[in-house]
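Q: I have a fold open in the viewer and would like to learn how to read it feature by feature. Could you walk me through it?

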Amino acid sequence: MSTLTSQGLISSSTSTPPHCWSPALSTVDSAFLVVVDALRFDFASTRLPKLMTRYPPAPGSSSSSTKLYKFVADPPTVTTQRLKGLTTGGLPTFSEITKSFSAGVLTEDNLIDQIHKKSKKSFMSFVGDDTWSGLFPTQFDEAHPYPSFNTRDLNTVDDGCLLHLPSMLRHNHTDLLVAHFLGVDHVGHTYGPNGVEMVEKLKQMDDVLVDILDVVEQNEHGCSVAFVFGDHGMTEGGNHGGGSDDEVTAALFVHYSPGCNLPTSGTVNGEEIGDVGNSAFEFVNQIDLVPTISLLLGVPIPFQNLGSVIPELLPLHKQSETTHAQQVAIALGLNAAQVSRYLNAYKKIASLPAKELEKMENLLSEAVVKFEEALDGDGGGGGGDSMAYREACALFKVYLAGVTDLGRKVWTNFNFLLMSAGLVCILLSLFPLGWLIVWGGGKVGLDEFVAGGLVTFHAILLITSNSYIEKESEFCQLGLVIISGCLLRRKGKGKGNGGLSNNPLVIPLLSMLHKLLVDGHGQDVALHRYGSHDPKIFSVFILAMIYMKSKLEQRKEVFLLDVLALLSLGASWLQKYVGEKGHNLALLSMAISIFCLLRKRTSCGNRATNLLVVVMALTGPSSALSALMMILQMRAIATCGGSTLVIASLFRLATRQIFFITGHACSFNQLQYSAAFVWRDDFTWWSGALSLGLNTFGWELVSTLMIWGFVLEKKRERGGVGMEVVECYGWITLLEVAGSCICVTIQCRHLMLWAVFAPRFCFSVIFSFYQWVPIVLMVFVKERGEGGKGDHKLK
């Protein structure tokens, strides 16, 4: 131990060693990493009775061979990013969520590479989720990857694990074994966390985990340890990806074999320095597992690790006379040296807050001084267990926890110069265009003032508050009611309303009925959980869609193709309802609709309904009624008799409300991944991305086409507003992008930036893309003299 400081292993200076590790801490012969994907903490603590009965955990005790912790993940809570964190000890950035479906080779320093380099005799094996083989394609001596993206496949990965695990567990010289079960995660996506299917899957995991720990328990002479954990949790809807408590709180279950030399007393918990010490030991972060396993297996801690050693998980070395407090102090000291080395390297290429960095360096210096006092107190002989060692442990832990918090705050660098330049460009184009489109058409009355105020609030002010963003659907509904009420007030001053069909209150009423009557978007039809999935229900709405198409399409041959597409879609839903796949009929329906969509001399109304059939196929039977509601509502807005700004505002709020009603949200944990498997079993990037994109944003694209078709139809019939409504609608979209840019600039250091504001910004940008592209294309067509030639009246 005396060489610990003399060689500079614990030092706040720049003289740092090439690696941070110690053979004296290598106390484990083999480690088993068992990942139960999406194992939420309450699943482990209350729904694995066999495991908890045979191996009851004793948290807070270093002497117990079994422990259970809340295992806190960093968002985004998706498997690829979590596995990177669990092997490098680093914190993810928000941009990495774009790599959620593409596990490229991990090039950063990581635990797997360190074990692989340990010696020629080291042996590592893996079975389960193929994400591991994407990250580490050559490091495992034995690997059995299985495809992981089909969330409807509940058993393939788990069955593969059960097939290979028995022989892998019998290997005599395993340094690391990784088994990644995926069934719990897929059951959550398909059936939710509380169904009978989850009960059955957790029972299977309960039996498997007991069998694995029974093997570990047989090692009476050597030291083996099993880490059973979830890479993330799941929401009550069965999804994940965000930063809610249910998503970030997984479980970590640890069990040591009888051959491990566990300490009999002296738990280190930080109480020696008060509340600040206790709080540093309170949580177990997922990245904390990296330095812990590294030291247990006697390999260097990965260079960019920001996790801290878990003191309770350090057995004593059998040939060492050190006490547990001394061993923990050495481990945390090495850990702190590694983190300090990384910070020194990082601050050379990026800026860190000077005050925060100085505070961390002072904490580290204080911890080193305290550790040296402890060494002087026992003469370096390792026979003492002084208060100084415990205080040093607490100070090291506080330092490491502080650096982790600092990393979460500042890990993303913002180029405010380029951000400001981008904002200026958007604003310079926004305001002149807005004046010409919105206010250039005449005087502004109460209706225009109210509509303009509401869409401005929605585009700019609403997204500056995370609580407002979470209630965006309710605001859209309220906005529809208020603007429709203003229109009704103005109509009341005229000579009559023209009947219920021309009553503006029909617009918000249709949204209310839509939200009340339709459920089950993106859910498995075979579950039979939703009334909208019943063939007797969706068949009626398929026939209603055929009737709508008969009024819109006057060419017989095209109408017959439309009928074939809708009947094929209904038949595919029926096949899924009775437990069959229905892939071929779904593909036929989408192919016919796309063919009709791309035909020349086709009206915008027809193109919109053709595209709508594709979106319906990717959403499920519940979308049949949603499609009808959407058509009726868009038609009601086009004929409400409002001004350009009023009609465009109603279109904007109604379109966004449809996005929410169809089961979506501006959050990555509510993407309907089942869309990627509507017409095929296997997962490919191009088909999965296209299907998921149309499922999520296709309603916005359909809405833009409908606005064009209905507005131009009204222009021809009665005169009045026309193309300017589409332009105003596009301007409101641009206003929303500008508001999102302003918001994320202001809130760039907000606690909820990555959980709420950044996803909302991403969705705003994608919304604008899906709306402006068709607008620009349609303007181009109109300028060439083709606009409106194929438009027919929707009677």
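A: Here is a short tour, going from the whole chain to the sheet, the cores and the cysteines.

Q: Before the details, how many helices and strands does the protein chain have?
A: Keep in mind that this is a predicted model. Its secondary structure comes to 29 helices and eight strands. Of the 795 residues in the protein chain, 60% are buried. As for the contacts with a separation of 6 or more, 76% of them link residues 24 or more positions apart.

Q: Now the sheet. In what order do the eight strands lie?
A: The general idea first: strands of a sheet pair through backbone hydrogen bonds, either parallel or antiparallel. Here the sheet is open, the pairing is mixed, and the order reads β4-β3-β5-β1-β6-β7-β2-β8. At the edges sit β4 (142-146) and β8 (284-285), each with a partner on one side only.

Q: Which helix packs on the sheet and touches β1, β5, β6 and β7?
A: That's helix α9, residues 196-217. Its direction makes about 30 degrees with that of β7 (249-256).

Q: Can you show me some strand pairs, and what is the sense of each?
A: Sure. Strands β3 (124-129) and β5 (176-181) are parallel, with five bridges between them; in that pair M124 stands opposite L176. β1 and β6 also run parallel, joined by six bridges, and there F32 of β1 faces A226 of β6. For an antiparallel case, look at β6 and β7, paired over five bridges, where F227 stands opposite V254.

Q: β6 keeps turning up. How many of its residues are buried?
A: Six of its six, so to speak a mostly covered strand. S224, A226 and V228 point one way, while V225, F227 and F229 point the other way, and all are buried.

Q: On to the cores. Which residues touch the most other members of the largest nonpolar core?
A: In general, nonpolar side chains in soluble globular proteins tend to be buried together. The largest core in this model has 100 residues, and L612, M616, L650, F651 and M706 touch the most other members. Helix α28 (residues 723-746) supplies the largest share of this core, 14 residues. Apart from this core lies another of 84 residues, among them L135, A250, I293 and A325.

Q: Let's zoom in on L612. What is L612 in contact with, leaving aside its neighbours within four places in sequence?
A: L612 is found in helix α24 (residues 604-619). Because its relative accessibility is 0%, L612 counts as buried. With those neighbours left aside, its contacts are M545, A627, M630, I631, W699, V702 and M706. A624 is 12 residues away from L612 in sequence, and their C-alpha atoms are 9.6 Å apart.

Q: And what does M616 touch?
A: Not counting residues up to four places away in sequence, M616 touches I542, M545, L569, W573, S623, A624 and A627.

Q: How would I check a helix's length against expectation, say for α20?
A: Compare its end-to-end C-alpha span with the span expected at 1.5 Å a residue. Helix α20 (residues 506-517) has 12 residues and reaches 16 Å from its first C-alpha to its last, close to the 16 Å expected. Its buried residues include V506, I507, P508, L510, S511 and H514.

Q: Last topic, cysteines. Which two form a disulfide?
A: A disulfide is a covalent bond between the sulfur atoms of two cysteines. The count here is one: C223 and C260, with their sulfur atoms 1.9 Å apart. The link of C223 and C260 is right-handed, with 95 degrees about the S-S bond.

Q: Why does this pair tie together parts that are 37 residues apart in sequence?
A: Because C223 lies in the loop between α9 and β6, whereas C260 lies in the loop between β7 and α11 (275-280). Both C223 and C260 are buried.

Q: What about C743: how far away is the nearest cysteine sulfur?
A: That sulfur belongs to C741 and is 9.9 Å away, and C743 is in no disulfide. The cut-off for a disulfide is 2.5 Å between sulfur atoms. C743 counts as buried, because its relative accessibility is 3%. C393 is buried too, with a relative accessible area of 0%.

Note on methods
Residues numbered from 1 in each chain as written. Predicted model: local features only at pLDDT ≥ 70, side-chain atom pairs only at ≥ 80, totals over all residues. Heavy atoms only, no water. Pairing = 2+ DSSP bridges. Helix = DSSP H or I, 4+ residues; strand = E, 2+ residues; numbered from the N terminus. Contact = heavy atoms within 4.5 Å. Axes fitted to C-alpha atoms, helices over the stretch in contact; angles between N-to-C directions. Buried < 20%, exposed > 50% of the residue type's maximum accessible area, 1.4 Å probe, protein only. Core = buried A, V, L, I, M, F, W, Y, C linked by side-chain atoms within 4.5 Å. Expected span 1.5 Å × (residues − 1).
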